[in-house]
Amino acid sequence: MVTPISPCIFCQIARNSNSTPLLHFDDKVVAFQDIKPAAFRHYLVIPVEHIPTVNDLQRGNEHYTLVSHMLNVGETLLRRDAPQSNQYRFGFHQPPLNSVDHLHLHCFALPFIPRWKQLKYLSLGPLGFIEAEKLLEKIKPLSPIPS
């Protein structure tokens with residue numbers, strides 16, 4: 001586990017949810033509403049373990065399973081809370097454009113409100129926003145070489 005150098009607001013939420021109502025919690029992740037929602041529904045799913053950014057994720061089963069679980073939780077919550085939305089979006093900000101140094105999955109039930117907020121969540125290659133499915137491809141465990 002990576003220990004944060006300074007107090008991390010998301011670590012505080014994951015360990016003590018008295019100040020932030022949780023939409024989901026288990027031993028691996030917690031989910032809550034974004035304090036500055038950019039869409040009809042805008043949730044964050046964070047790991048309980050402090051992982052600073054997407055750049056700290058390693059290819060392999062452990063992180064692949066974690067990010068898959070984060071995505072599954074986000075999808076489940078949005079389907080429950082915004083079944084009328086016909087478009088969902090899931091992704092992560094990449095450094096240096098991440099606002100909090102604790103891995104967090106943005107989960108959107110669209111439309112963006114107001115529309116200009118979608119600019120903050122554009123995929124811009126190695127900078128900007130990376131879709132959850134694309135991140136999963138990057139950290140997917142390598143298949144064993146057949147013998």
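**Close-up views of a predicted model**

**Figure 1. H104, a residue in the loop between β4 and β5.** This is a predicted model, and the opening view sits on that loop. Is H104 buried or exposed? With a relative accessibility of 5%, H104 counts as buried, because the cut-off for that label is under 20%. Setting aside residues up to four places away in sequence, H104 touches F10, L44, V45, I46, M70, G91, F92 and S99. If you want a distance to go with the picture, take P114: it is 10 residues from H104 along the chain, and the two C-alpha atoms are 22 Å apart.

**Figure 2. The whole protein, for orientation before the other close-ups.** Count the elements and you get three helices and seven strands. Starting at the N terminus, they run α-β-β-β-α-β-β-β-β-α. Along the principal axes, the C-alpha atoms fill a box of roughly 50 × 35 × 30 Å. The radius of gyration is 15 Å, which agrees with the value near 15 Å for a compact globule of 147 residues. As for burial, 43% of the 147 residues count as buried. Now for how contacts spread along the chain: take those between residues at least 6 apart in sequence, and 66% of them join residues at least 24 apart.

**Figure 3. Helix α2 against helix α3.** Here α2 covers residues 61-81 and α3 covers residues 132-139. Their axes come within 9 Å and cross at roughly 165°. That angle is over 145°, so α2 runs roughly antiparallel to α3. The crossing of α2 and α3 is left-handed. Which residues make the contact? On the α2 side they are H63, Y64, V67, S68 and L71, and on the α3 side A132, E133, L135, L136 and I139. Sorted by class, the contact of α2 with α3 has seven nonpolar residues, two polar ones and one charged one.

**Figure 4. L57, in the loop between β3 and α2.** Strand β3 spans 39-47, and L57 sits in the loop that joins β3 to α2. The relative accessible area of L57 is 8%, so L57 is buried. What does L57 contact once neighbours within four places in sequence are left aside? The list is I51, H63, V67, L103, L135 and I139. Compare that with the previous view: H63 and V67 of α2 also take part in the helix contact, as do L135 and I139 of α3. For a distance, L57 and G91 are 34 residues apart along the chain, with 14 Å between their C-alpha atoms.

**Figure 5. L78, a residue of helix α2.** How accessible is L78? Its relative accessibility is 0%, so L78 counts as buried. Without neighbours within four places in sequence, L78 is in contact with R41, Y43, P83, Y88, F90, C107, F108 and A109. To add a distance to this view, pick R115: L78 and R115 are 37 residues apart in sequence and 19 Å apart in space, C-alpha to C-alpha.

**Figure 6. P83, in the loop between α2 and β4.** P83 has a relative accessibility of 56%, and since the exposed label starts over 50%, P83 counts as exposed. Leaving out residues up to four places away in sequence, P83 touches L78 and Y88. Those names should ring a bell, as L78 has both P83 and Y88 among its own contacts. Following the chain from P83 to G125 takes you 42 residues along, and the C-alpha atoms of the pair are separated by 30 Å.

**Figure 7. Cis peptide bonds at P96 and P111.** Worth a look before you set up any torsions. The peptide bond from P95 to P96 is cis, and its omega is near 10°. P96 is found in the loop between β4 (88-93) and β5 (105-112). H104, from the opening view, is in the loop between β4 and β5 too. Where does P111 lie? P111 is in strand β5, and a cis peptide bond joins L110 to P111, with omega about 25°.

How values were computed: Residues numbered from 1 in each chain as written. Predicted model: local features only at pLDDT ≥ 70, side-chain atom pairs only at ≥ 80, totals over all residues. Heavy atoms only, no water. Axes fitted to C-alpha atoms, helices over the stretch in contact; angles between N-to-C directions. Helix = DSSP H or I, 4+ residues; strand = E, 2+ residues; numbered from the N terminus. Parallel < 35°, antiparallel > 145°, perpendicular 65-115°, else oblique. Left-handed = near helix turned anticlockwise from the far one by under 90°. Contact = heavy atoms within 4.5 Å. Nonpolar A, V, L, I, M, F, W, Y, C, P; charged D, E, K, R; others polar. Rg over C-alpha atoms; globule rule 2.2 N^0.38 Å. Buried < 20%, exposed > 50% of the residue type's maximum accessible area, 1.4 Å probe, protein only.
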